[in-house]
Amino acid sequence: MKIVVIGAGIVGLTTAYYLSRDGHSVTVVDGGDGAGLRSSKANGAQLSYSFVSPLADPAVLPKIPSWLLGRKSPLSFRPKADPDQWRWLFAFLKACRASKAQKTTAELLQLGVYSRSLVHELVAREKPRFEFGSSGKLLVYQDAKSFTAAQSQVEFQASLGCRQMLLTPQQCLEREPSLEGIGKTIAGGIFTPTEDAGDCLQLCTELERIMASRAQPVAFRYKTKVEGLRIEQDQIAGLRTSQGDITADAYVIANGVGAQHLARQVGIDPYVYPLKGYSLTYELGPDSQAPKASVSDLRNKVVYARLGNRLRVAGMVDIGDTTMSIARHRIASLRQNVGRFFPHLNPIGEPEPWAGLRPARPDGKPIIGATRFKNLWLNVGHGALGFTLAAGSSGLLADQMAGRPSQVPAAIFALKGIREHSVADASRRSARRSAA
Ligand SMILES: Cc1cc2nc3c(=O)[nH]c(=O)nc-3n(C[C@H](O)[C@H](O)[C@H](O)COP(=O)(O)OP(=O)(O)OC[C@H]3O[C@@H](n4cnc5c(N)ncnc54)[C@H](O)[C@@H]3O)c2cc1C
C-alpha cells in the first residue's frame, strides 16, 4: 500500500516509522526544509508518560485572572478577532470539569504507558544516536497548599497503576542536590522514576536516517507544502502541493498546527489551535549545578530536562500569538525563573532561545484514527505532549490502519462519529471500484 504522511515533525515521522515497519511504501511530505524543524525542534524534551493531566482542569479556573493580567505570568492571552480563538477557548472552558479532567487523564495515561513501551522498544531496536536519559522526573512544590492538593492526584494516578513517590523537602535535596539554592522554600516533591528525557530534534533526524536507509526506504519530500486534498466521492484522490499533485492509496494528516487548515478544507474540524511556548538551551560546564533528573517548577510552570552537557528549560503559554517570533520579555521572564530556581547553574555563555507552537486541542486529547474518507487518517492535536505521545499515537494509528487490535482502545481517540475501518477495507473497496 502506498501511503503519504503529511508532516515531518515527531508525530509524522513516528507515523511513517510504524507504517513502514508494517511493509507499506511510505512517503513523508513536508513544506519545510527538513525533519523536526517546527514544534518538535527545541521543545521541553520531557518524555513524561505519567504527567498527562490536561490543562483543562477546574483547578486552573481561579488562577486564570492573575495569569492573564501579569506580564510575567506563565499564561498570557492576546484577544484577537479570530473566531477560531474564541471557539477554542469556549471549548476549553467547557472541558474544565473535574469529571472530564479525570477521564481524560485516565485515557491519556493509557496512551502514555503504551508510548513508553514503544519508545523503549524503538531505542533498543534501532539504537538512534540521540541524547536520551531515563533519570525520572521530580515535581517541586513551593507552597504547602498546592503540594497537599497534588497528593490526591498521586493517589488517583496510583489507582491507575502509576508509580510515584511523595518526597519531603530533605528528600528532594538528596535526590537533586542542584536544588540547594531554593532548598528553604521547598514544600515537598513528587518523584516518578519511569519518566525519560530526550532531544526531540535529534530523534527526528535519526528517524529520518533510519527510515531512509531501510531495504524499502521511506521517501522524504521537503519544500513541498500541501495546499489541499482532492476529494473523489468518499475518498481522497490526491494532494495538491506546491510541487504538483501527489497520489497514493492512503493519506495521513500529521502536520501539527497546520492540520486545522488542511482538515477543514475537506469538512473535518479537529479543533487544533496553536499555543505558543518558549525554551532556552544552556550549555553546562564543569562548575554547573544542574539537575540530573527532569525537574518541574510547579509554581511557574517551567520544566527542566538534562540533555547530556546541556539543560533544556521550557515553559509559558501565549494564547493569541500564532507566530514563531521570540518575544524578548517572555524569554527574560523564563531566564529569571531559571536564575531563581537554579542560582548556581553557572552555564557557559548565553542560552539559545526558541519559540514553538503546541498543536493543542481544548480537552488535551489528540485525534488518532479514521475519518469519513475511507483513505484519510488523522494523527493530530498532541498539544504539550507531542513528544511524549508520538510513538504511542503512531503505533495506535498503524494498528488501526492494519485492522489489528491495539493495547489502547481506538475509540478513545477517534474523531467523533467515525466508525473504525482499516487500510485493508479501503484497499478492497478501491479494488472493487477499479474492477467495476
Ligand atoms: C515550548 C514547548 C515545549 C514543549 N515541551 C514538550 C515536552 O517537554 N514534552 C512533550 O511531549 N511535548 C512538548 N511540547 C509539545 C511538542 O513539541 C509538540 O506536541 C510536537 O512537537 C508536535 O509534533 P507534530 O509532529 O505534531 O508537529 P510539528 O513538529 O510542528 O511538525 C509538523 C510538520 O508539518 C509540516 N507542515 C505543516 N503544514 C504543512 C503543509 N500544509 N504541508 C506540508 N507540511 C506541512 C511542518 O513544516 C512541520 O515540519 C512542547 C511544545 C512547545 C512549543
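A crossing of two helices is right-handed if the near helix is turned clockwise from the far one by less than a right angle. Keep that in mind for the helix pair coming up. One caution: this is a predicted model.

Let's start with the ligand. Its shell holds 41 residues. The closest are G9, G44, G256, G258 and G386. By character, the shell splits into 17 nonpolar, 20 polar and 4 charged residues.

Which elements each supply at least two residues of that shell? There are helices α1, residues 10-21, and α10, residues 386-402. There are also strands β15, residues 273-284, and β19, residues 347-360. β19 gives the most, with 4 residues.

Now the domains. Domain 1 runs over 2-40, 201-272 and 363-435. Domain 2 covers 55-98, 131-195 and 273-360. Each of these two gives at least three residues to the shell around the ligand.

Back to the helix pair, α1 and α10. Their axes come within 8 Å and cross at roughly 35°. The crossing is right-handed. On the α1 side, the contact is made by I10, V11, T14, T15, Y17, Y18 and L19. On the α10 side, the residues include G386, F387, A390, A391, S393 and S394. Further residues of α10 in this contact are G395, L397, A398 and M401. The count for the contact is 11 nonpolar, 6 polar and no charged.

One residue of α1 deserves a closer look: V11. Is V11 buried or exposed? V11 is buried, because it has 32 C-beta neighbours inside 10 Å, and 20 or more is the cut-off. Leaving aside residues up to four places away in sequence, V11 touches G386, A390, S393 and S394. The list for V11 also includes A254, G256, N379 and H382. Take T388 as well: it sits 377 residues from V11 along the chain, yet the two C-alpha atoms are 10.0 Å apart.

Last topic: backbone. Most residues other than glycine have a negative phi. Two lysines here go the other way. K127 has a positive phi, near 50°. K127 lies in the loop between α4, residues 98-126, and β5, residues 132-133. K127 counts as exposed because 10 other C-beta atoms lie within 10 Å, and the limit is 12 or fewer.

The other is K301, with a positive phi of about 55°. Where is K301 found? In the loop between β16, residues 294-297, and β17, residues 302-307. K301 is partly exposed, with 19 other C-beta atoms within 10 Å.

Conventions:
Residues are numbered from 1 along each chain as its sequence is written. This is a predicted model: local features need pLDDT of at least 70, side-chain atom pairs count only at pLDDT 80 or more; totals for chains, interfaces and linings use all residues. A residue is near a molecule or strand if its C-beta atom, placed from the backbone, lies within 6 Å of it. Ala, Val, Leu, Ile, Met, Phe, Trp, Tyr, Cys and Pro count as nonpolar, Asp, Glu, Lys and Arg as charged, and the others, Gly among them, as polar. Domain bounds come from an automatic or database domain assignment. Axes are lines fitted to C-alpha atoms, for helices over the stretch in contact, and angles run from 0 to 180 degrees between N-to-C directions. Two residues are in contact if their C-beta atoms, placed from the backbone, lie within 7 Å.
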